[in-house]
Amino acid sequence: MFTVIGIMLCSIAAGIFLRHLQFCWIDKVIIWIIWLLLFLLGVEMGSNPQIISSFPTLGLSALSISIISTAGSCIGAAFLAKLCRLKYTPQTDRSGKSISLLKSLKGSFIILAFFAVGTIIGYFGILTREILPEKLSFYTLCLLIMFVGLSIGHNKRVFEDLKSVDKKVLLLPLFTISGTLAAILACSIFFRYQISDLLAIGSGQA
């Protein structure tokens, strides 16, 4: 964890120092690294016989916990919107046309596709954890954090954008996290896992 935090802080500082350079390519690189990371995680999961053998029960539990956690997060956000009387503004493209929900979720579907392909490849032994370099997924994560930090540090308007945002919106992370953890605690009576484990899963989901 400290390695990842250190990489993030150093890359933000580097991004600030390199603001005189053009980084118009960095967003595409971040997307490619995310795809690679999810693919590698899929390979690791698919090539792990213990995970695959327990997938019918473990997978169903994970899906249920994910749905409940997401629902809690949405309820928390909705409660904040009602409490602070926040209005939803639909996303629009450059021409001012509203972006459909399906189009906005396109990136998520692509990410899931890379993870699914990696899982299939790992399951059939086309590419396994033994073939891949050790800790490749961790190094890929560090590379992703580095480019994200560079992007944050290079963005001159990041603090100006924060100032222009309604201060009530800054409470959104608090409410979504609270909603997620509350939902996890509520569903703990239906699962045989320890509450500490469920809260750890919910924290990752939040």
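Start with the cysteines: there are zero disulfides anywhere in this structure, which, keep in mind, is a predicted model. A disulfide is a covalent bond between the sulfur atoms of two cysteines, and here no pair of cysteine sulfur atoms comes within the 2.5 Å cut-off.

Select Cys24 next. Is Cys24 buried or exposed? Cys24 counts as exposed, because its relative accessibility is 68%. Now jump to Cys142, where the relative accessible area is 10%. That is under the 20% limit, so Cys142 is buried.

Zoom out and colour by secondary structure. The protein chain shows 10 helices and zero strands, so don't go hunting for a sheet: by the DSSP runs, every element from the N terminus onward is a helix. Written as a pattern along the sequence, that reads α-α-α-α-α-α-α-α-α-α.

Switch on contacts. Taking pairs at least 6 apart in sequence, 83% of the contacts in the protein chain join residues at least 24 apart.

Then turn on the surface. About 14,500 Å² of the protein chain is exposed, with carbon and sulfur atoms supplying 70% of that area. Of the 206 residues in the protein chain, 25% are buried.

For the next stop, select helix H6, residues 106-123, and click on Ile120, which sits in that helix. Ile120 counts as partly exposed because its relative accessibility is 48%. Which residues join Ile120 in a nonpolar patch on the surface? Add Tyr123, Phe124 and Ile126 to your selection: with Ile120 they make up the patch, and together the four have about 480 Å² of accessible area.

How values were computed
Residues numbered from 1 in each chain as written. Predicted model: local features only at pLDDT ≥ 70, side-chain atom pairs only at ≥ 80, totals over all residues. Heavy atoms only, no water. Patch = residues over 30% accessible without salt bridge, like charges linked within 9 Å, V, L, I, M, F, W, Y side chains within 5 Å. Areas by Shrake-Rupley, 256 points an atom, 1.4 Å probe, with all protein chains shown as cover. Salt bridge = Lys/Arg side-chain N within 4 Å of Asp/Glu carboxyl O. Helix = DSSP H or I, 4+ residues; strand = E, 2+ residues; numbered from the N terminus. Buried < 20%, exposed > 50% of the residue type's maximum accessible area, 1.4 Å probe, protein only. Contact = heavy atoms within 4.5 Å.
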